[in-house]
Amino acid sequence: MAKRDSEPEKRPGFFSQLKSLFRFTREVYSWLPWAQIAILVGGVLLGLIVGYLIPPFQVWTLILWGITGLMVGVLGALILMTRLSTKAMYAKIDGMPGASGHVLSTSLGRNWQASDTPVGINPKTQEAVYRAIGRGGIVVVGEGARGRLTRLVNEERTKAQRVAHGVPVTVLYVGHGDDEVAIADLAKTIKKLPKAIDKATMAAVIRRIDSVSQSVTSLPIPKGIDPMKARAQRPR
């Protein structure tokens with residue numbers, strides 16, 4: 001009997017993902033191992049102190065509290081690594097073409113709809129415009145040199161205002177200059193926008209814009225738009 005050509009892909013195990021996440025984060029934060037060791041030692045010491053102070057003093061209670069402190073230390077070390085890995089991911093993709101699309105498509109939650117594919121792009125200069133639609137209205141995000149983004153951003157803003165009259169349109173530019181938003185703060189900035197429309201209006205706006213949007217799939221996407229390569233796997 002012939003061997004099946006297509007076999008289900010084997011996912012990496014929990015500890016394998018944890019190891020990959022650790023290596024990825026350590027590339028940006030070389031002091032991570034020492035911080036995790038300090039948290040582990042601190043957790044054990046805290047457990048021992050609590051076990052010593054709680055009467056009546058017994059050896060087995062001291063051991064149990066020491067183990068409890070160790071578990072708390074392990075949890076604290078994992079939380080530290082997870083939070084730093086998010087910052088490391090942003091540091092890796094900062095300035096990469098397509099980074100804004102990656103953040104919009106993965107970090108906004110259910111109240112927003114966005115795609116990692118730009119709605120407007122300049123293939124020569126790699127400037128791109130992305131769009132998100134949610135309870136806060138329509139957000140147009142410009143990525144690249146701000147001066148060369150003016151035309152693309154204005155076109156997308158005008159289109160949104162024409163088909164979604166009365167819905168607020170917010171324009172954000174990703175960068176580190178004045179009146180620009182850092183890639184690490186992009187999702188947070190959009191989520192903070194005040195709610196302006198309900199879910200029914202949001203769905204109607206999405207349908208209207210999709211019906212008039214021109215497909216950009218035929219445009220040559222600049223090389224390098226793959227920020228997923230800079231993100232380590234998270235333990236499940």
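Two residues are in contact when their heavy atoms come within 4.5 Å. By that yardstick, take the contacts in this chain between residues at least 6 apart in sequence: 65% of them join residues at least 24 apart. The structure is a predicted model, and the chain has 236 residues, of which 36% count as buried. Its secondary structure adds up to seven helices and five strands. Going along the sequence, these elements come in the order α-α-α-α-β-β-β-β-α-β-α-α.

What about the inside? In soluble globular proteins, nonpolar side chains tend to be buried together. Here, the largest nonpolar core has 29 residues, and those with the most contacts inside it are Val 141, Ile 183, Leu 186 and Ile 190. Several elements chip in two or more residues each: helices H1 (14-28), H3 (59-93), H4 (99-107) and H6 (186-191), along with strands S3 (128-134), S4 (137-143) and S5 (169-174). The largest share of this core comes from H3, which gives six residues. Leu 186 is a good place to look at the packing up close. Leaving aside residues up to four places away in sequence, Leu 186 touches Ser 100, Val 103, Leu 104, Val 141, Leu 172, Val 174 and Val 181. There is also a second, separate core, this one of 18 residues, with Ile 133, Ile 138, Leu 149 and Ala 164 among them.

Next come the helix pairs. The axes of H3 and H4 come within 10 Å and cross at roughly 150°. Angles over 145 degrees count as roughly antiparallel, so that label fits H3 and H4. The crossing in which H3 passes H4 is right-handed. On the H3 side, Met 89, Tyr 90 and Ile 93 make the contact, while H4 brings Ala 99, His 102, Val 103 and Ser 107. Sorted by type, the residues of this H3 and H4 contact come out as five nonpolar, two polar and no charged.

H1 and H2 make another pair. Their axes come within 9 Å and cross at roughly 115°. Here Phe 22, Thr 25 and Arg 26 of H1 meet Leu 32, Pro 33 and Gln 36 of H2. The mix in the contact of H1 with H2 is three nonpolar, two polar and one charged.

Finally, two single residues are worth a look. Leu 62 is found in helix H3. Is Leu 62 buried, exposed or partly exposed? Buried would mean under 20% relative accessible area and exposed over 50%, so with a value of 23% Leu 62 is partly exposed. Leu 62 touches Leu 48, Gly 51, Tyr 52 and Phe 57, again not counting residues up to four places away in sequence. One of these, Tyr 52, is ten residues from Leu 62 along the chain, and the C-alpha atoms of the two are separated by 6.2 Å.

Ile 37, the other residue, lies in helix H2, which covers residues 32-53. With 45% relative accessibility, Ile 37 also counts as partly exposed. Between the C-alpha atoms of Ile 37 and Val 74 the separation is 9.3 Å, with the two residues 37 apart along the chain.

Notes: Residues are numbered from 1 along each chain as its sequence is written. This is a predicted model: local features need pLDDT of at least 70, side-chain atom pairs count only at pLDDT 80 or more; totals for chains, interfaces and linings use all residues. Side-chain values use heavy atoms; hydrogens and water are left out. A nonpolar core is a set of buried Ala, Val, Leu, Ile, Met, Phe, Trp, Tyr and Cys residues joined through side-chain atoms within 4.5 Å. Buried means under 20% relative accessible area, exposed over 50%, partly exposed in between (1.4 Å probe, protein chains only). Helices (H or I, at least four residues) and strands (E, at least two) are DSSP runs, numbered from the N terminus. Axes are lines fitted to C-alpha atoms, for helices over the stretch in contact, and angles run from 0 to 180 degrees between N-to-C directions. Angles under 35 degrees count as roughly parallel, over 145 as roughly antiparallel, 65 to 115 as roughly perpendicular and the rest as oblique. A crossing is left-handed if the near helix is turned anticlockwise from the far one by less than a right angle, and right-handed if clockwise. Ala, Val, Leu, Ile, Met, Phe, Trp, Tyr, Cys and Pro count as nonpolar, Asp, Glu, Lys and Arg as charged, and the others, Gly among them, as polar.
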